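Colleague: I would be grateful for a close look at a single part of this model. Please take one annotated region and describe how its elements are arranged.

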Amino acid sequence: MPELPEVEALKDFLSEHLAGHEIVRVLPVAISVLKTYDPPLTAVEGREVTAVHRYGKFLCLETGGGPYFVTHLARAGWLHWKDHLPSGPPRPGKGPLALRVALETGAGFDLTEAGTQKRLAVYIVADPVEVPGVAGLGPDPLADDFDERRLADLLSGARRRLKGALRDQSLIAGVGNAYSDEILHAARMSPFKTAASLTPEETSRLYQALRTTLTEAVERSRGVAAGRLKAEKKSGLRVHGRTGEACPVCGDTIRGVSFSDSSLQYCPTCQTGGKPLADRRLSRLLK
């Protein structure tokens, strides 16, 4: 799933390529992608894109005098920029293409989604806060006013595991499965540690890991073409998705814990005092 650093990079890329240009056509291929109907999708046609914004993991195109085009790429969605779009209309079918946006220059982008779980979403709204996911977002962890005290206040009432707290979009906007693993590894904390139990020193360590991990990921992604952002993300991850590999800090073997629809990775030496965490799904399979 694209997270804050990749969506921030997409925002910068689209700001450069879209701002000042007119949307001449929006062509939906998968009707399931549309989550609003009033204003209609055609309301952005003939409008100039005046700015591109990011809200957590949401991308937002602002149009002059018109509605906002807001999209969430979900787990398997992506944005593909094309300097020259195909001349003919896209054909509905079983492929990944969900929606196409064409500019007056002949360029534009496709929104695609792989797999069978169709969660890619597009909203046409008068105000971005009309999108439920945007309205419920917590603070942006890279905002200037997001300081250590803000993080401490957020976590003080979070009686859940740190991994879940970091991924909670209503608590902190933009962090997902991959970067929560990376942040906790950098902070040397167990993903199963209770968020509300952090000491002031631990909160400070987590804050520094949060800001540094995300800032460095944004810098790695900045300037990378949209089509290469996924590869850039993977190359920069130290523990997430690397079960069985050596930890780049201590050399211990990176381990994983599987859940019904996701997994986490961590280093026992760096994060859990050398003790492996119980993988309950695997334990059930071994009985």
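**The annotated N-terminal stretch and its sheet**

Modeller: According to the UniProt record, an unreviewed entry, the annotation "domain: Formamidopyrimidine-DNA glycosylase catalytic" covers residues 2-94. The model is a predicted one. Within residues 2-94, 16% of the chain is helix and 35% is strand, while the C-alpha atoms at the two ends lie 23 Å apart.

Helix 1 occupies residues 4-18. From first to last C-alpha, the 15 residues of helix 1 reach 20 Å, which is close to the 21 Å expected at 1.5 Å a residue. Because 11 of these 15 residues are buried, helix 1 is largely enclosed by the rest of the structure. With buried taken as under 20% relative accessible area, the set includes the charged-letter positions E6, E8 and K11 as well as L4, V7, L10, F13, L14 and L18. Just after helix 1, G20 adopts a positive phi of about 90 degrees.

The sheet is open and has 8 strands in the order 5-7-6-1-2-3-4-8, paired antiparallel. Strand 5 (77-82) and strand 8 (121-125) are at the edges with a single partner strand each, so one side of each has no neighbour in the sheet. From one strand to the next, the twist averages 25 degrees. Helix 1 packs on this sheet, where it touches strand 2 (47-55), strand 3 (58-63), strand 5, strand 6 and strand 7. The direction of helix 1 makes about 165 degrees with that of strand 2.

Strand 6 (residues 97-103) and strand 7 (residues 108-113) run antiparallel and are joined by 5 bridges. In this pairing, V101 stands opposite F109 of strand 7.

Definitions and conventions:
Residues are numbered from 1 along each chain as its sequence is written. This is a predicted model: local features need pLDDT of at least 70, side-chain atom pairs count only at pLDDT 80 or more; totals for chains, interfaces and linings use all residues. Side-chain values use heavy atoms; hydrogens and water are left out. UniProt positions are given in the numbering used here, feature names are shortened, and annotations may be inferred rather than shown by experiment. Helices (H or I, at least four residues) and strands (E, at least two) are DSSP runs, numbered from the N terminus. The expected span of a helix is 1.5 Å times one less than its number of residues. Buried means under 20% relative accessible area, exposed over 50%, partly exposed in between (1.4 Å probe, protein chains only). Two strands pair if DSSP finds at least two bridges between them. Axes are lines fitted to C-alpha atoms, for helices over the stretch in contact, and angles run from 0 to 180 degrees between N-to-C directions. Contact means heavy atoms within 4.5 Å.
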